[in-house]
Amino acid sequence: VQLQASGGGAVPPGGSLTLSCAASGCTSDIAVMGWFRQAPGKAREFVGAYFSNDARTKYADSVRGRFTITRDGAKNTIYLQMNSLKPEETAVYYCAAATRTFASIRQYYIAGSYEYWGQGTQVTVSS
């Protein structure tokens, strides 16, 4: 599985941005697609996830209600629509794919559960 993330950029506080993550290769093996972010000097943080079997989505508490994950199956692409962005959300955003299944959904909130990663795209929220 290969992942290609794109769509990052600079926006003012309160602005919106949509990130894309195109998957290729053995995409039928993907159980969950996740979005993470990492700010300078901080650990990689879970943002949200899309579950392939039932199109369910889960979000971190900090972004719920402002961020939305959608998928275009024909393009093997997932999107992260981000609204009302805050300066503290400046980070490199990564998409990831997990082929393993876990009994607990919360396992997918952990970066180590994902085997495949995109290259990351920078999001800067600043006036």
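This report describes a sheet, a nonpolar core, a group of aromatic rings and two single residues in a predicted model.

**The open sheet**

Four strands, arranged in the order S1-S3-S8-S7, make up an open sheet whose pairing is antiparallel. Its edges are formed by strand S1 (2-6) and strand S7 (67-72), each of which pairs on one side only. On average, and with direction ignored, neighbouring strands of this sheet are turned by 20 degrees against each other.

Going across the sheet, S1 is joined by five bridges to strand S3, which covers residues 17-24, and within this pairing Ser6 has Ser20 of S3 as its bridge partner. S3 in turn pairs with S8 over six bridges, again in the antiparallel sense, and here Cys21 stands opposite Ile78 of S8. The antiparallel strands S7 and S8 are likewise joined by six bridges, with Met82 in S8 as the bridge partner of Phe67. S7 and S8 also form a hairpin with four residues between them, and in its turn Asn76 has a positive phi of about 50 degrees.

**The nonpolar core**

The largest nonpolar core has 39 residues, and the members that touch the most others are Trp35, Leu80, Met82, Tyr93 and Tyr114. Several strands supply at least two residues each, including S1, S3, S7 and strand S8 (77-82) from the open sheet, together with strand S4 (32-38) and strand S5 (45-51). The largest share, six residues, comes from S9.

Met82, one of the residues with the most core partners, also illustrates how separate parts of the chain meet. Leaving aside neighbours within four places in sequence, Met82 is in contact with Gly15, Ser16, Leu17, Leu19, Arg66, Phe67, Tyr93 and Val123.

**The aromatic rings**

Nine aromatic pairs are found in a search of the whole structure. Two of these pairs share Phe46, and they are set side by side below.

| Pair | Centre to centre | Angle between planes | Arrangement |
|---|---|---|---|
| Phe36 and Phe46 | 5.6 Å | 75 degrees | edge-to-face |
| Phe46 and Tyr109 | 4.3 Å | 10 degrees | stacked |

Because Phe36 lies in strand S4 and Phe46 in strand S5, their pair ties together parts that are 10 residues apart in sequence. The pair of Phe46 and Tyr109 links distant parts of the chain, 63 residues apart, since Tyr109 lies in the loop between S9 and strand S10 (116-117). Phe36 is buried, with a relative accessible area of 1%, and Phe46 is also buried, at 8%, whereas Tyr109 is partly exposed, with a relative accessible area of 23%. These three residues belong to one aromatic cluster that also includes Phe51, Tyr94, Phe102, Tyr108, Tyr114 and Trp117.

**Two single residues**

Thr121 has its place in strand S11, and at 11% relative accessibility it counts as buried, because the limit is under 20%. The side chain of Thr121 reaches the backbone nitrogen of Gly8 at 3.0 Å. Apart from neighbours within four places in sequence, Thr121 is in contact with Ala5, Ser6, Gly7, Gly8, Leu19, Ala91, Val92 and Tyr93.

Asp54, by contrast, is found in the loop between S5 and strand S6 (56-59), and with 42% relative accessibility it counts as partly exposed. Between Asp54 and Ile69 there are 14 Å in space, C-alpha to C-alpha, and the two are 15 residues apart in sequence.

How values were computed. Residues are numbered from 1 along each chain as its sequence is written. This is a predicted model: local features need pLDDT of at least 70, side-chain atom pairs count only at pLDDT 80 or more; totals for chains, interfaces and linings use all residues. Side-chain values use heavy atoms; hydrogens and water are left out. Two strands pair if DSSP finds at least two bridges between them. Axes are lines fitted to C-alpha atoms, for helices over the stretch in contact, and angles run from 0 to 180 degrees between N-to-C directions. A nonpolar core is a set of buried Ala, Val, Leu, Ile, Met, Phe, Trp, Tyr and Cys residues joined through side-chain atoms within 4.5 Å. Buried means under 20% relative accessible area, exposed over 50%, partly exposed in between (1.4 Å probe, protein chains only). Contact means heavy atoms within 4.5 Å. A polar contact is a pair of N or O atoms within 3.5 Å; within protein, one must be able to donate a hydrogen and the other to accept it, and residues adjacent in sequence count only if both atoms are side-chain atoms. Rings of Phe, Tyr and Trp (its six-membered ring) pair if their centres lie within 6.5 Å; planes under 30 degrees apart count as stacked, over 60 as edge-to-face and the rest as tilted.
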